[in-house]
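This note is intended for a student who is reading a protein model for the first time. Please keep the sequence and the structure in view while working through the numbered points.

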Amino acid sequence: MSPTSAVIVTGGASGIGRASAEAVAAQGRAVAVWDLNADGAIAAAQEIANVHGVATFGLGIDVTKTDELTAAVDASRKVVGPIGALVHAAGTVRRQSIGDLDDEGWDFVLNVNLRAFPMLVQAMHADLVAAEGAAVVGIASIEGWVGNASIPAYCASKAGMLGAVRSMADRLGPDGIRVNAICPGFIETAMLGITLNMPGVRQRFEESSVLKRIGQPSEIGEPAAFLLSDKASFITGQSIIVDGGVLATA
């Protein structure tokens with residue numbers, strides 16, 4: 001039987017986060033949708049509840065404000081019940097090369113993409129220990145494996161997530177908590193949208209995939225839901241690449 005405890009999804013108002021929230025709700029699990037966009041989080045939570053008939057909670061939150069995370073977990077638990085899983089899909093990018101990157105840009109990207117992840121797990125630790133089949137998934141990127149000259153902070157944050165996953169898996173495994181990451185390739189999201197609309201970029205990205213297309217958010221959300229389920233009960237400390245074969249020929 002798959003775990004029935006609720007799932008917190010950060011960045012859940014849209015894109016990969018929304019797709020992940022939809023996928024776990026389709027498994028019958030309650031979902032707390034967290035997003036910096038409060039209206040988007042509330043709307044997504046309501047829509048997911050209407051479609052899947054599960055308890056949901058939409059919360060506007062800045063995950064970089066780590067002193068507020070415990071209260072946010074408590075508020076979510078009161079609505080959706082015991083919490084036993086996390087998908088950290090909140091993310092951001094700054095297109096500043098190493099010659100242009102300033103302190104504010106560096107800190108902002110690392111705080112959202114990387115630092116918030118273990119701090120969320122810390123805030124949820126007691127809940128995760130108490131849950132049967134507890135699991136955590138971080139949404140990393142193939143940019144954590146390969147370089148991109150225009151987004152060094154993003155690359156560093158996603159590479160850092162891969163190390164954090166291995167460390168947390170080692171520490172939390174004895175508590176019965178599994179920790180994994182998914183490394184998406186080029187996915188049709190708002191974050192990538194501006195880049196995809198640049199001349200020639202969409203075609204170049206499509207050609208880089210052996211499947212010759214851009215991925216859809218659901219193609220990341222479904223693997224995330226799988227990693228949270230008991231079907232992945234012996235998978236931990238791993239970084240699963242879901243990129244349509246981009247790195248197969250890199």
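What percentage of the contacts in the protein with a separation of 6 or more is accounted for by residues 24 or more positions apart?

1. Contacts along the chain. The share is 72%: that part of the contacts with a separation of 6 or more joins residues 24 or more positions apart. Please bear in mind throughout that the model is a predicted one.

2. Overall dimensions. The protein contains eight helices and seven strands. Its C-alpha atoms occupy a box of roughly 45 × 35 × 35 Å along the principal axes. A compact globule of 250 residues would have a radius of gyration near 18 Å, and the protein has 17 Å, so the value agrees with that expectation.

3. Surface and charge. Of the 250 residues, 52% count as buried. The accessible surface amounts to about 11,100 Å², and carbon and sulfur atoms contribute 55% of that area. The protein carries 17 positive and 25 negative charges, and the mean positions of these two groups lie 3 Å apart.

4. Helix α1. This helix covers residues 15-26. Its 12 residues should span 16 Å at 1.5 Å a residue, and the end C-alpha atoms are 17 Å apart, so the helix agrees with the expected length. Is α1 mostly covered or mostly uncovered? It is mostly covered, with nine of its 12 residues buried. Among the buried residues are Ile 16, Gly 17, Arg 18 and Val 24. Just after the helix, Gly 28 adopts a positive phi of about 95°.

5. Ala 44 in helix α2. Ala 44 belongs to helix α2, which runs over residues 38-52. Buried means under 20% relative accessible area; Ala 44 has 1% and is therefore buried. Beyond residues up to four places away in sequence, Ala 44 touches Gly 12, Ala 13, Arg 18 and Val 33. Arg 18 is also one of the buried residues of α1. Between Ala 44 and Val 7, which are 37 residues apart along the chain, the C-alpha separation is 14 Å.

6. Thr 189 before helix α6. Thr 189 is placed in the loop between β6 (178-184) and α6 (190-196). Its relative accessible area is 17%, so Thr 189 counts as buried. Which residues does Thr 189 contact, once neighbours within four places in sequence are left aside? They are Gly 15, Ile 16 and Pro 217. Ile 16 is itself among the buried residues of α1.

7. Gly 81 after helix α3. The loop between α3 (69-80) and β4 (83-88) holds Gly 81. Is Gly 81 buried or exposed? Its relative accessibility is 18%, and it therefore counts as buried. Not counting residues up to four places away in sequence, Gly 81 touches Ala 6 and Ser 76. Gly 81 and Gly 244 are 163 residues apart along the chain, and their C-alpha atoms are separated by 36 Å.

8. Ala 164 in helix α5. Ala 164 is part of helix α5, which comprises residues 152-172. Ala 164 is buried because its relative accessible area is 15%. Its C-alpha atom is separated by 18 Å from that of Trp 106, and the two residues are 58 residues apart along the chain.

9. Gln 203 in helix α7. Gln 203 lies in helix α7. Exposed means over 50% relative accessible area, and Gln 203, with 56%, is therefore exposed. From C-alpha to C-alpha, Gln 203 and Cys 155 are 22 Å apart in space, with their positions 48 residues apart in sequence.

10. Lys 212 and its backbone. Lys 212 sits in the loop between α7 (201-208) and α8 (218-228). Most residues other than glycine have a negative phi. What is the phi of Lys 212? It is near 60°, a positive value in a residue other than glycine. With a relative accessible area of 45%, Lys 212 is partly exposed. The student is asked to locate this loop in the displayed structure.

Conventions: Residues are numbered from 1 along each chain as its sequence is written. This is a predicted model: local features need pLDDT of at least 70, side-chain atom pairs count only at pLDDT 80 or more; totals for chains, interfaces and linings use all residues. Side-chain values use heavy atoms; hydrogens and water are left out. Helices (H or I, at least four residues) and strands (E, at least two) are DSSP runs, numbered from the N terminus. The radius of gyration is taken over C-alpha atoms; the globule rule is 2.2 Å times the number of residues to the power 0.38. Buried means under 20% relative accessible area, exposed over 50%, partly exposed in between (1.4 Å probe, protein chains only). Contact means heavy atoms within 4.5 Å. Accessible areas come from the Shrake-Rupley method with a 1.4 Å probe; for residues, only the protein chains shown count as cover. Lys and Arg count as positive and Asp and Glu as negative; His and the chain ends are not counted. The place of a charge is taken as NZ of Lys, CZ of Arg, CG of Asp or CD of Glu. The expected span of a helix is 1.5 Å times one less than its number of residues.
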